[in-house]
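Trainee: Please take one helix of this model and go through it closely. After that, carry on to whatever else deserves a note.

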Amino acid sequence: MSADQTQTTLRSKLEALECHFTWILDPSKISLLLHHDKLVEIHTEGNSWLGHIYNLRGFIQCKLDSTEDALSFFLQAAEAFRQVRGADEGPWLVVNYGNLAWLHHLMGDQAESEAYLSKVDALKKKYPTPSEDELHAELYAEKAWTLMMLDIERELVSDYFQKAIRMQPDMVEWNTSHVIGLASAFIRGSREMEADILDKMRDAKEQDPENLYLAAYDIRLRAKEGQDVKDEAHELAKRVPINPVSSYSAMRAILYVYRTCGLIDEAIDLAAKAVENNPEERYLKKFAALTLKWKIIFFSESGVDESMIDRAVSLHKEVISLYPDSSFVEEMDLANIYAKSKGRQNEAKCLFQELLERKLEPAEKQVLYYHYARYMRINCKNCRESIKYNMKAAAIPIKSLYRENSIKALVRIKNKSQNCREIDEFLENLHEP
């Protein structure tokens with residue numbers, strides 16, 4: 001066999017693997033940087049998803065051209081699985097070995113790549129699935145968790161989790177993550193509420209009673225249903241330890257509970273207290289900035305205190321400096337905060353113009369165009385420019401809430417206007433990505 005034929009055969013074997021390199025085909029750089037920072041700040045002690053976290057971190061590092069770091073994380077993933085599962089090997093290593101086969105191939109070490117391909121084959125023979133069309137439960141679970149973390153192919157996440165759980169119903173963390181995924185999708189409006197979601201949530205809480213993140217989603221879900229859960233929100237907040245070793249997710253979850261319940265001042269106070277107690281933790285400053293943004297942008301019908309805007313501006317600028325590679329959203333938030341101040345309209349205009357002139361990836365453009373369209377409509381009362389930028393956002397063929405919201409905005413404008421042929425034609429010719 002010629003060298004070219006050998007390479008082709010190796011490549012076809014790699015492309016047939018179930019691993020991150022075949023699940024996530026074309027990640028944007030901004031997505032990689034955002035999730036890199038997110039994963040860095042998730043605590044690892046006692047985390048049952050530790051192997052999956054290291055696998056994803058390794059993939060992200062490889063895509064960011066840091067192959068040595070990628071190798072280190074993939075090896076840490078293998079060790080984490082051994083510790084969490086209490087065994088030296090098992091089907092949970094199929095994804096990890098697949099990642100290592102890809103990495104060594106990309107690093108030019110074809111012999112080592114072949115060695116890991118052989119390890120994958122050996123594991124699949126030792127731990128067969130009921131049919132060739134099915135994956136092992138461990139693979140379904142890791143695939144579901146990975147897609148959920150990256151917020152891609154959301155429609156497949158629930159399906160993969162359900163398949164994993166049917167095969168291994170005793171895996172509590174799989175069921176917890178599945179229910180959180182269902183609740184999250186409903187809360188943010190990307191899917192209809194399943195009829196039995198409250199029952200699934202109750203069962204999940206009984207299986208995983210100490211999971212604060214799950215408890216927070218339960219409260220948010222019932223708040224969305226119109227239940228009065230403010231007392232429960234306060235009680236849950238008391239259970240969240242405000243210190244660096246506490247879960248990134250738990251603090252974030254309780255702040256979102258407060259927002260869902262309309263308890264924005266409580267969210268601001270809790271985040272500020274966390275920053276005061278742990279001034280070195282950048283993610284707490286990010287949360288504090290987020291709560292101030294909520295107050296100014298979404299809960300300011302009676303006006304905004306300029307001192308609060310000054311505080312929010314200062315904190316957002318600090319957060320942007322702390323996250324130099326992944327603060328694009330905070331920059332847009334800063335522009336929107338400027339727009340809420342009578343004396344800072346020019347700063348809002350200048351920052352938005354700076355962002356519009358920046359060289360951005362399509363996913364970033366889509367988010368920016370959506371925000372700029374809202375700014376044009378709400379702050380500048382410029383309906384024509386708002387329509388233009390909602391169209392630009394919707395025209396970018398990337399499935400996202402920003403695209404969905406831009407389309408909804410165009411439909412609302414169309415329904416309120418008598419002469420909207422331009423919007424009609426645009427929507428008629430718009431294709432799903």
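Mentor: A residue counts as buried when its relative accessible area is under 20%, as exposed when that area is over 50%, and as partly exposed in between. The model is a predicted one. The part to look at is helix 18, which covers residues 328–339. By the cut-off of under 20%, 11 of the 12 residues of helix 18 are buried, so the helix is largely enclosed by the rest of the structure.

The buried residues of helix 18 begin with Phe328, Glu330, Glu331 and Met332. The list goes on with Asp333, Leu334, Ala335 and Asn336, and it ends with Ile337, Tyr338 and Ala339. Acidic side chains are thus named beside nonpolar ones: Glu330, Glu331 and Asp333 are buried, as are Leu334 and Ile337. An α-helix has 3.6 residues a turn, so residues three or four places apart point the same way. The surroundings of helix 18 are helical: its buried residues pack against helix 16 (282–298), helix 17 (306–322), helix 19 (345–357) and helix 20. In length, helix 18 reaches 17 Å from its first C-alpha to its last, close to the 16 Å expected for its 12 residues at 1.5 Å a residue.

Helix 20, one of these packing partners, covers residues 362–378 and is followed by a loop that leads to helix 21. Lys381 is found in that loop. Lys381 has a positive phi of about 55° although it is not a glycine, and it is exposed, with a relative accessible area of 67%. Most residues other than glycine have a negative phi. Asp151 also departs from this, with a phi near 60°. Asp151 sits in the loop between helix 8 (137–150) and helix 9 (154–167), and it is partly exposed at 35% relative accessible area.

Beyond the loop that holds Lys381, helix 21 (residues 383–395) contains Ser386. Ser386 is buried because its relative accessibility is 1%. Leaving aside neighbours within four places in sequence, Ser386 is in contact with Ala373, Met376 and Arg377.

One further site is the second largest pocket, with about 300 Å³ of space. Its lining has 17 residues, and Lys124, Thr129, Glu134, Leu135 and Leu139 lie nearest its centre. By class, the lining divides into 10 nonpolar, 3 polar and 4 charged residues. Helix 7 (residues 110–126) gives the largest share of this lining, 3 residues.

Terms used
Residues are numbered from 1 along each chain as its sequence is written. This is a predicted model: local features need pLDDT of at least 70, side-chain atom pairs count only at pLDDT 80 or more; totals for chains, interfaces and linings use all residues. Side-chain values use heavy atoms; hydrogens and water are left out. On a 1 Å grid over the protein atoms alone, a cavity is a set of points where a 1.4 Å probe fits but cannot get out, and a pocket is an open set with protein on both sides within 12 Å along at least five of seven lines; lining residues have an atom within 4 Å of a point. Grid points are joined across faces, edges and corners, and a volume is the space filled by probe spheres set on the points. Helices (H or I, at least four residues) and strands (E, at least two) are DSSP runs, numbered from the N terminus. Ala, Val, Leu, Ile, Met, Phe, Trp, Tyr, Cys and Pro count as nonpolar, Asp, Glu, Lys and Arg as charged, and the others, Gly among them, as polar. Buried means under 20% relative accessible area, exposed over 50%, partly exposed in between (1.4 Å probe, protein chains only). Contact means heavy atoms within 4.5 Å. The expected span of a helix is 1.5 Å times one less than its number of residues.
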